[in-house]
Amino acid sequence: MTAIETAIGEPDWRRAADLIHGAGTLALACHVSPDGDALGSMLGLGLALARSGKKVVASFGDRLLEVPRLLRFLPGQELLVEVAAYPAEPDLMITFDASTMERLGLLAPHAGKAGELLVIDHHVSNTRFGTVHLVDPSAASTTMVVEELIHRLGLPVDRSVATCLYAGLVTDTGSFRHSVTTPAAHAMAGRLLETGLRPEELARELWDRSPYAYLRVLGAALGRATLEPDVAGGHGLVWTFVSRADRAAEGLPYDEVEGVIDVVRRVDEAEVAVVLKEDDDGGWNVSTRSKGVVDVARACAALGGGGHARAAGFSSALPVADTMAALRPLLTPPVPPHPHRTEP
């Protein structure tokens with residue numbers, strides 16, 4: 001029995017399988033501005049189900065249904081439909097990598113009207129907003145939960161399905177560098193590689209490509225990076241922002257700046273790294289990273305977001321200065337317990 005099997009109760013696995021087997025149309029949805037885990041888990045399960053004869057539609061609740069350039073190599077995108085074509089009151093809706101209903105964006109009302117709502121996730125901050133939950137906070141990625149579900153449904157994992165699942169696994173583990181990486185994650189990678197997928201090809205698509213305009217915008221963001229050594233309980237904060245004007249000057253789409261946080265987080269003098277990214281509508285999406293002392297998921301949850309202890313985010317309609325003013329006091333290490341005192 002695998003770790004995924006034991007973390008989620010048997011009644012939940014059986015209920016999820018029964019709902020899927022009994023459903024006519026399966027309506028799949030991942031969170032807005034999907035990353036590799038969100039889109040990979042949704043398309044991976046969608047492909048497996050579609051090839052078994054199920055009718056599947058998939059989407060995410062952004063104003064424009066536009067897959068980030070770095071993820072356009074993923075198979076299964078023929079399953080994607082615009083929000084307007086998504087079932088308004090699905091009999092069974094399945095969500096992926098969304099810790100709250102609000103993270104579904106324009107598809108949140110559809111989730112609220114679903115006959116059954118199956119939530120598949122691995123975030124500890126998941127609010128259990130569905131009717132059935134396959135949520136395992138110990139899983140390195142949501143695709144790990146999806147792989148187990150596909151196995152329990154008796155469906156094969158071919159190279160296309162494996163490509164989707166592997167993309168979610170390597171992005172959420174940082175190519176197996178992050179602390180969430182477990183023996184189970186490596187074992188899953190081995191199973192997926194047996195389908196014939198080429199890890200070097202996926203790595204190039206995910207990490208080793210960028211337009212020249214990205215370098216220009218990255219340079220502007222790094223040029224205004226600010227180090228605040230007294231923040232985070234004296235462990236240090238480094239932060240910067242990427243404005244809509246920065247991107248417009250270079251003709252760079254929003255989804256191209258996702259990797260800025262991975263550069264900023266390398267600063268030795270800072271426990272916490274923060275990057276604010278302005279979207280095309282003028283709102284700010286805030287990415288946070290921690291080296292382990294500060295729980296950024298707790299901080300982001302207090303501001304309406306969520307995620308993991310070392311990687312989390314939230315959205316803000318406030319200006320940059322006000323957003324940072326709200327975030328700073330939340331970036332505190334846990335209070336150490338009082339030392340044991342012995343009586344003289």
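**Exercise 1.** Find which residues Ala162 touches, not counting residues up to four places away in sequence, and decide whether Ala162 is buried or exposed.

*Solution.* Leaving out residues up to four places away in sequence, the residues that Ala162 touches are Val157, Leu192, Thr195 and Leu197, where contact means heavy atoms within 4.5 Å. The model used here is predicted, so local features need pLDDT of at least 70 and side-chain atom pairs count only at pLDDT 80 or more, while totals for chains, interfaces and linings use all residues. Residues are numbered from 1 along each chain as its sequence is written, and side-chain values use heavy atoms, with hydrogens and water left out. The next step is to place Ala162, which is in helix H6; helices (H or I, at least four residues) and strands (E, at least two) are DSSP runs, numbered from the N terminus. Ala162 is buried, because its relative accessible area is 0%, and the cut-offs are under 20% for buried, over 50% for exposed and partly exposed in between, with a 1.4 Å probe and protein chains only. As for distance, Ala162 and Val119 lie 43 residues apart in sequence, and their C-alpha atoms are 21 Å apart in space.

**Exercise 2.** Check why the span of helix H3 (residues 36-51) agrees with its number of residues, and then describe how H3 meets H6.

*Solution.* The expected span of a helix is 1.5 Å times one less than its number of residues. For the 16 residues of H3 the expected span is therefore 22 Å, and the end C-alpha atoms are 22 Å apart, which agrees. Turning to its surroundings, H3 is mostly covered, since 14 of its 16 residues are buried. After H3 comes Gly53, whose phi is positive, near 105°.

The axes of H3 and H6 (residues 159-172) come within 8 Å and cross at roughly 160°; axes are lines fitted to C-alpha atoms, for helices over the stretch in contact, and angles run from 0 to 180 degrees between N-to-C directions. That angle makes H3 roughly antiparallel to H6, given that angles under 35 degrees count as roughly parallel, over 145 as roughly antiparallel, 65 to 115 as roughly perpendicular and the rest as oblique. The crossing of H3 past H6 is left-handed, a word used if the near helix is turned anticlockwise from the far one by less than a right angle, with right-handed used if clockwise. The contact includes Gly40, Leu43, Gly44 and Leu47 on the side of H3, and Val161, Cys164, Leu165 and Gly168 on the side of H6.

**Exercise 3.** Compare how helix H5 (residues 142-152) packs with H2 and with H7.

*Solution.* Begin with H2 (residues 10-22), which packs with H5 at an angle of about 65°, with the axes 10 Å apart. H2 and H5 are therefore roughly perpendicular to each other, and their crossing is right-handed. Here Glu10, Trp13 and Ile20 of H2 meet Val145, Glu148, Leu149 and Arg152 of H5.

Next take H7, for which the angle with H5 is about 60° and the axes are 11 Å apart. H5 and H7 are therefore oblique to each other, and H5 passes H7 in a left-handed crossing. Thr143, Met144 and Glu147 from H5 meet residues of H7 that include Ala184, Met188 and Leu192.

**Exercise 4.** Which residues touch the most other members of the largest nonpolar core?

*Solution.* A nonpolar core is a set of buried Ala, Val, Leu, Ile, Met, Phe, Trp, Tyr and Cys residues joined through side-chain atoms within 4.5 Å. Of the 57 residues in the largest one, Leu45, Ile94 and Ile120 touch the most other members. A second, separate core has 20 residues, among them Trp239, Val274, Val296 and Leu331.

**Exercise 5.** Is Lys55 buried or exposed, and which residues does Lys55 touch, not counting residues up to four places away in sequence?

*Solution.* Lys55 lies in strand E2 and counts as exposed, because its relative accessibility is 55%. With residues up to four places away in sequence not counted, Lys55 touches Gly24, Thr25 and Leu26. Although Lys55 and Gly24 are 31 residues apart in sequence, their C-alpha atoms are 6.7 Å apart in space.
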